[in-house]
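Q: Could you take me through the aromatic side chains and the pockets of this model, with a close look at one ring pair? I would enjoy a connected account.

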Amino acid sequence: MALKGAFGMLSPGGPRGRLSIFIFHRVLSQKDPLFPDEPDARRFDEILGWLSKWFQVLPLDKAVMQLRAGTLPARSAAITFDDGYADNATNAMPILKRHGLSATFFVATSFMDGGRMWNDTLIEAIRKCQNDSLDLSDAGFGHFKLTSVADRRLAIESLLGRIKYLAHDQRSQAVAQVQRAVPIALPDDLMMTSGQVIQLRDAGMQVGAHTCSHPILANLTDSEAMAEITDSKMALESLLNEPVSLFAYPNGKPGTDYCGKHAAMVRQAGFAAAVSTASGVSSAVTDPFQLPRFTPWDRTQLRYGIRLMLNLRAAAPQVA
């Protein structure tokens, strides 16, 4: 009750309303040694138990409208997922429904129906490599030990960090070089099918756009960025036969992954709101096309709640 009361003071309703938006990516069936901080189903169920006690969880589109109108309830929050992983439908959705909660799922449309994101190609190649080392010197990435889970985590972190911000074509080439070095069949069922996206919508969840191929928008030409934004909207609207009004920037760091001009593109494309990955909470004066999101990583209820309170005091960075 003490935490709930504190959230009520820090997140009042009405014109001074403050909206907390949570961001998730995956809900695993079981813990992954390579990514121990990624929630599994048991952990996600525990987190939702806390959130349902502390907050009034609203659909994101409704929360944004009420925020701008000055009618947001106290302790308001929304839950979001990025990318479009299949476990969003198989694991996250049933747990959300059990708690009586809704969420918005931002889908990168090019990966539906058997596609795989570039980062997952790297991750799964390192995971499945049957050797104790991997020599990527020819690709310019050096030599990696793979004798332990910790070694493989370090290899993944290094490769992701060095490849993420390459130009789109260079990034694709680098990933292909890694894949050639580990000639093993990689999974093609990591992302949602079109049918699973429809199932989410039919279960009362919201679906938003997350570009087509999940590029760093700041690395694209203006025409390429606009195509990624508008084509993803059109693909989802065609699939769902209804308007798609919410957008999430890939990676989502203001000034690094997207710029002010991209927020203008999202508005021009006909979206009503967009979310970043900047920490903080939204108020009535927050740009609706740069809504911040934050999820604590703490394991205990008290620490999780305290970090949420600290976030409620933060002002989210935005780009002009």
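A: Happy to: we begin with the aromatic rings and then move on to the pockets. Please keep in mind that this is a predicted model.

Searching the whole structure turns up 14 aromatic pairs. Let us look closely at the one made by W54 and Y304, whose ring centres are 6.5 Å apart and whose planes meet at 35°. That angle falls between the cut-offs of 30 degrees for stacked and 60 for edge-to-face, so the pair is classed as tilted. As for where the two partners sit, W54 belongs to helix α2 (residues 41–54) and Y304 to helix α11 (residues 301–312), so their contact ties together parts that lie 250 residues apart in sequence.

Are these two rings buried or exposed? W54 has a relative accessible area of 4% and is therefore buried. Y304 also counts as buried, because its relative accessibility is 0%. The pair has company, too: W54 and Y304 belong to one aromatic cluster together with F7, F22, W50 and F55.

Another ring worth a visit is that of F271, which has a charge for a partner. The charged end of K233 sits over this ring, 5.4 Å from its centre.

Now to the pockets. The largest pocket holds about 1,500 Å³ of space. It is lined by 46 residues, and those closest to its centre are F24, H25, F35, E38 and D83. Helix α2, the home of W54, is among the elements that supply at least two residues each to this lining, along with β1 (19–24), β3 (76–83), α5 (118–128) and α6 (149–163). Of these, α5 provides the largest share, with six residues. By class, the lining of the largest pocket comprises 21 nonpolar, 18 charged and seven polar residues.

The second largest pocket has a volume of about 300 Å³. Its lining counts 16 residues, with R26, L28, S29, D87 and L190 the closest to the centre. Two or more residues of this lining come from each of α4 (86–98) and α5, and the largest share, four residues, is that of α4. Sorted by class, the lining of the second largest pocket has seven charged, five nonpolar and four polar residues.

If you would like to follow one element from pocket to pocket, try α5: this helix gives six residues to the lining of the largest pocket and two or more to that of the second largest.

Note on methods
Residues numbered from 1 in each chain as written. Predicted model: local features only at pLDDT ≥ 70, side-chain atom pairs only at ≥ 80, totals over all residues. Heavy atoms only, no water. Phe/Tyr/Trp six-rings, centres within 6.5 Å; stacked < 30°, edge-to-face > 60°. Buried < 20%, exposed > 50% of the residue type's maximum accessible area, 1.4 Å probe, protein only. Lys NZ or Arg CZ within 6 Å of the ring centre and 35° of its normal. 1 Å grid on protein atoms, 1.4 Å probe; cavity = no way out; pocket = protein on both sides within 12 Å on 5 of 7 lines; lining within 4 Å. Points joined across faces, edges and corners; volume = space filled by probe spheres on them. Nonpolar A, V, L, I, M, F, W, Y, C, P; charged D, E, K, R; others polar.
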